[in-house]
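Visitor: I'd like a close look at one part of this protein rather than a tour of the whole thing. Could you take me through the pocket, and then the charged pairs?

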Amino acid sequence: MSGTTRDGREWEIGPATRKTVGREQDGRLTVPLQITHHGALVATAPLRLTVADAEHLHASLCRALDKEPAPADAPDCRKPIQYPGGRQRS
């Protein structure tokens, strides 16, 4: 037996459920992450980003999501923009 999960991942890092992005006193942003091993929660840890790092991550995610349709519950920044005169940009 290999000891991996069905999808082949032993370790996984992802967003922590029920926790939101926060801001520290020094202005850095914290993104709560959870670490799992074989699907069991091992730990949670904050990913600390400077504002500049957060902006770079945001821009990278925007570029990666560019051709993906926004889901109905997406934040406003992912929804198409309707300009006066009927021109639309998505």
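**The pocket and the charged pairs**

Guide: Sure, let's start with the make-up of the pocket wall. Sorted by class, the residues lining the largest pocket come out as 15 nonpolar, two polar and five charged. Bear in mind that this is a predicted model.

The lining has 22 residues in total. If you want to find the middle of the pocket on your screen, look for His-58, Cys-62, Leu-65, Cys-77 and Arg-78, which lie nearest its centre. The volume of this pocket is about 580 Å³.

Which parts of the fold build that wall? Helix 1, spanning 51-65, and strand 3, spanning 29-37, each put at least two residues into the lining. Helix 1 is the top contributor, with six residues.

Let's follow each of those two elements a little further. On helix 1, pick out Val-51. Val-51 has a relative accessible area of 43%, so it counts as partly exposed. Setting aside residues up to four places away in sequence, Val-51 touches Arg-23 and Gly-27. Arg-23 sits 28 residues from Val-51 along the chain, with 9.8 Å between their C-alpha atoms.

On strand 3, the residue to click on is Thr-30. Is Thr-30 buried or exposed? Its relative accessible area is 14%, and buried means under 20%, so Thr-30 is buried. Thr-30 also has plenty to list by way of contacts beyond four places in sequence: Thr-20, Val-21, Gly-22, Arg-23 and Glu-24 on one stretch of numbering, then Pro-46, Leu-47 and Arg-48 on another. Arg-23, then, turns up as a contact of Thr-30 and as a contact of Val-51.

Two names in the Thr-30 list, Glu-24 and Arg-48, bring us to the charged pairs. How many salt bridges does a search of the whole structure find? It finds four. In one of them, the side chains of Glu-24 and Arg-48 meet, at 2.5 Å from N to O. That pair ties together distant parts of the chain: Glu-24 is in the loop between strand 2 (22-23) and strand 3, while Arg-48 is in strand 4 (residues 40-49), 24 residues away. Glu-24 is partly exposed, at 23% relative accessible area. Arg-48 is partly exposed too, at 43%.

Next, try Asp-26 and Arg-28, whose closest N and O atoms are 2.9 Å apart in another salt bridge. With a relative accessibility of 51%, Asp-26 counts as exposed, since the cut-off for that is over 50%. Arg-28, at 30%, is partly exposed.

Then there's a salt bridge between Asp-66 and Lys-67, where the closest N and O atoms are 3.5 Å apart. Asp-66 has 46% relative accessibility and counts as partly exposed, whereas Lys-67 reaches 74% and counts as exposed. As for how the bridges connect, shared partners join Glu-24, Asp-26, Arg-28 and Arg-48 into one network.

So if you're rotating the model yourself, here's a handy route. Begin at the pocket centre with residues including His-58 and Cys-62, go to Val-51 in helix 1, hop across to Arg-23, which Val-51 touches, and carry on to Thr-30, which is in contact with Arg-23 as well. From Thr-30 you can step to its contacts Glu-24 and Arg-48, and finish on the salt bridge between those two.

Conventions
Residues are numbered from 1 along each chain as its sequence is written. This is a predicted model: local features need pLDDT of at least 70, side-chain atom pairs count only at pLDDT 80 or more; totals for chains, interfaces and linings use all residues. Side-chain values use heavy atoms; hydrogens and water are left out. On a 1 Å grid over the protein atoms alone, a cavity is a set of points where a 1.4 Å probe fits but cannot get out, and a pocket is an open set with protein on both sides within 12 Å along at least five of seven lines; lining residues have an atom within 4 Å of a point. Grid points are joined across faces, edges and corners, and a volume is the space filled by probe spheres set on the points. Helices (H or I, at least four residues) and strands (E, at least two) are DSSP runs, numbered from the N terminus. Ala, Val, Leu, Ile, Met, Phe, Trp, Tyr, Cys and Pro count as nonpolar, Asp, Glu, Lys and Arg as charged, and the others, Gly among them, as polar. Buried means under 20% relative accessible area, exposed over 50%, partly exposed in between (1.4 Å probe, protein chains only). Contact means heavy atoms within 4.5 Å.
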